[in-house]
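Please look through the sequence and the structure shown here before reading on. The paragraphs that follow are meant to be read with both in view, moving from single side chains to the overall plan.

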Amino acid sequence: MTFRTLVSKSFTFRVPSDVGAVSPARRRVVAIVRDWDVPLVQDTVETLELLAGEVVANAMVHTGKGCQVTVSWDGARLRFEVEDAEGGPPTQRTSLGSHEESGRGLQLVDGLAQRWGSRPTPDGKVVWFEIGGCSPPPLRPCPTVNDSDLPFGGAQRPVSVAEPSRSALGGSHVHAATT
């Protein structure tokens, strides 16, 4: 029987200033999460890949430079950060026509991530988002958490996480909701 250890992990890598580097960066993030054996169902991993690509692409498009990516796992949530060299908050268009091909990245992040935000750095800003949730024992709901209980802080949206005790047997999962 395999037991997962809920140890905090973090990995940082640099993405060069080439739009062609976005797709390999997304795949690298997924590979890191799989290597860590993070208990996320496939839909959540696909959401991570989509959102990571959007945030990295935004950094490339809006700065014309590379960026630094950090992926962190705290045993309950996965945090993805992109640090770029342009100050100020990320730009989010409020009105988009149905024919426009870009400009929806942060809307996707807002709709699919549990939490997201940005913070200034000495040389630019970090845009981050979190996905994941607690991985409860079988037949027990996730405990309710408040902002002070969360290492990254803030409220969460519901997500699906793999149930470690049953995933090897039948691929079952549980829908975990926290407030």
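**Aromatic rings and their surroundings**

F11 counts as partly exposed, because its relative accessibility of 33% falls between the limits of 20% for buried and 50% for exposed. Keep in mind from the outset that this is a predicted model. F13, by contrast, has a relative accessibility of 6% and therefore counts as buried, since buried means under 20%.

How many aromatic pairs does a search of the whole structure find? The search finds two, and one of them is formed by F11 and F13, whose ring centres lie 6.3 Å apart and whose planes make an angle of 40°, so that the pair is classed as tilted. In general, a pair of aromatic rings is described by these two quantities, the distance of the centres and the angle of the planes.

F13 also has a charged residue over its ring: R28 lies over the face of F13, at 4.4 Å from the ring centre. A similar arrangement can be found at W128, where R79 lies over the face of the ring, at 4.0 Å from its centre.

**A glycine in a strand**

W128 leads on to G117, because W128, together with V126 and V127, is in contact with G117 when the neighbours of G117 within four places in sequence are left aside. G117 has its place in strand 4, which covers residues 115-121, and with a relative accessible area of 13% G117 is buried, as this value is under 20%. From G117 to E130 there are 13 residues in sequence, while in space the two C-alpha atoms are 9.4 Å apart.

**Two helices that pack together**

Turn now to helix 2, made of residues 42-63, and helix 3, made of residues 105-112, which pack at an angle of about 145° with their axes 9 Å apart. Helix 2 passes helix 3 in a left-handed crossing. On the side of helix 2, the residues that meet helix 3 are T47, L50, L51, E54, V55 and N58, and their partners in helix 3 are G105, L106, L108, V109 and L112. Sorted by character, the residues of this contact comprise seven nonpolar, three polar and one charged.

**The overall plan**

Stepping back, one can count four helices and seven strands in the protein, and from the N terminus on, these elements run β-α-α-β-β-α-β-β-β-α-β. The protein has 179 residues, of which 42% count as buried. Among the contacts with a separation of 6 or more, 64% are made by residues 24 or more positions apart.

Terms used: Residues numbered from 1 in each chain as written. Predicted model: local features only at pLDDT ≥ 70, side-chain atom pairs only at ≥ 80, totals over all residues. Heavy atoms only, no water. Axes fitted to C-alpha atoms, helices over the stretch in contact; angles between N-to-C directions. Helix = DSSP H or I, 4+ residues; strand = E, 2+ residues; numbered from the N terminus. Left-handed = near helix turned anticlockwise from the far one by under 90°. Contact = heavy atoms within 4.5 Å. Nonpolar A, V, L, I, M, F, W, Y, C, P; charged D, E, K, R; others polar. Buried < 20%, exposed > 50% of the residue type's maximum accessible area, 1.4 Å probe, protein only. Phe/Tyr/Trp six-rings, centres within 6.5 Å; stacked < 30°, edge-to-face > 60°. Lys NZ or Arg CZ within 6 Å of the ring centre and 35° of its normal.
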